[in-house]
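Hi everyone, thanks for letting me have the slot today. I'd like to walk you through one model, starting with its aromatic rings and working outward from there. Have a look at the screen first.

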Amino acid sequence: MKYLLRYTPEAARDMMDVWNGVYGASKDYDTADKYVDELRELIADKKQFPFSGVMVKYRGLFTGFYAVRYKKYFAFSRVRGNNIEVVRIIMAKRDFMKILFGDAED
């Protein structure tokens with residue numbers, strides 16, 4: 001099966017935030033471009049291996065999300081039919097479970 005890769009609007013904004021963060025730290029356009037290009041290539045590999053990465057579980061149950069890590073970031077995706085939907089790209093030190101699923105205690 002041939003898989004198509006799609007970014008949600010949130011994931012597209014996240015990717016821009018990654019670029020801005022790398023540029024802010026490095027003050028170098030080429031470094032920021034290279035970082036984002038490498039992250040995009042890692043995510044694009046999912047077209048060949050859509051179920052690769054770590055299965056994301058919440059309270060012991062599989063959520064349908066897979067995560068791949070690139071340096072300081074996790075890219076979260078899910079497979080829907082022949083589409084791979086990149087849902088979010090979140091810095092690993094952030095509470096990504098809360099960002100993905102909200103506050104379950106409410």
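Okay, so this one is a predicted model, and the count of aromatic pairs in it comes to 12. Let me pick out a couple. Take Tyr23 and Tyr29: their ring centres are 4.7 Å apart and the planes sit at 25 degrees, so we call that pair stacked, since the cut-off for stacking is under 30 degrees. Those two have company, too, because Trp19, Tyr23 and Tyr29 form one aromatic cluster.

Are Tyr23 and Tyr29 buried or exposed? Tyr23 has a relative accessible area of 23%, so it counts as partly exposed. Tyr29 comes out at 53%, and that makes Tyr29 exposed.

Now the other pair I like, Phe51 and Tyr66. Here the ring centres are 5.8 Å apart and the planes are at 75 degrees, so this pair is edge-to-face; the cut-off there is over 60 degrees. This pair ties together distant parts of the chain: Phe51 is in the loop between helix 2 and strand 2, Tyr66 is in strand 3, and they are 15 residues apart. Phe51 is partly exposed, with a relative accessible area of 48%, whereas Tyr66 is buried at 10% relative accessibility.

Let's stay with Tyr66 and look at the strands around it. Which residue stands opposite Tyr66 on the strand 2 side? That would be Met55. On the strand 4 side, the bridge partner of Tyr66 is Ser77. Zooming out, strand 2, residues 54-58, runs antiparallel to strand 3, residues 61-70, and 4 bridges join them. Strand 3 then pairs with strand 4, residues 73-80, again in the antiparallel sense, over 5 bridges.

Both of those pairings are hairpins, by the way. Strand 2 and strand 3 have 2 residues between them, and in that turn Arg59 has a positive phi of about 55 degrees. The hairpin of strand 3 and strand 4 has 2 residues between the strands as well, and there Lys71 takes a positive phi near 50 degrees.

Next, the inside. The largest nonpolar core has 15 residues, and the ones touching the most other members are Met15, Val18, Tyr35, Leu39, Ile43 and Ile89. Which elements supply at least two residues each? They are helix 1, helix 2, strand 3, strand 4 and strand 5. Helix 2 gives the largest share, with 5 residues. If you want one residue to click on, try Met15: leaving out residues up to four places away in sequence, Met15 touches Tyr7, Val36, Leu39, Arg40, Ile43 and Ile89. There's also a second, separate core of 9 residues, and among them are Phe74, Val87, Ile90 and Ala92.

Two of the names you just heard turn up again with a charge over a ring. Arg40 lies over the face of Tyr7, 5.5 Å from the ring centre. And Arg69 lies over the face of Phe74, at 5.1 Å from the ring centre.

Last stop, Asp30. Asp30 is found in helix 2, residues 29-44, and with 59% relative accessibility Asp30 counts as exposed. How far is Asp30 from Asp95, C-alpha to C-alpha? The two are 29 Å apart in space and 65 residues apart in sequence.

That's my tour, thanks for listening!

Conventions: Residues are numbered from 1 along each chain as its sequence is written. This is a predicted model: local features need pLDDT of at least 70, side-chain atom pairs count only at pLDDT 80 or more; totals for chains, interfaces and linings use all residues. Side-chain values use heavy atoms; hydrogens and water are left out. Helices (H or I, at least four residues) and strands (E, at least two) are DSSP runs, numbered from the N terminus. Buried means under 20% relative accessible area, exposed over 50%, partly exposed in between (1.4 Å probe, protein chains only). Two strands pair if DSSP finds at least two bridges between them. A nonpolar core is a set of buried Ala, Val, Leu, Ile, Met, Phe, Trp, Tyr and Cys residues joined through side-chain atoms within 4.5 Å. Contact means heavy atoms within 4.5 Å. Rings of Phe, Tyr and Trp (its six-membered ring) pair if their centres lie within 6.5 Å; planes under 30 degrees apart count as stacked, over 60 as edge-to-face and the rest as tilted. A charge sits over a ring if NZ of Lys or CZ of Arg is within 6 Å of the ring centre and within 35 degrees of the ring normal.
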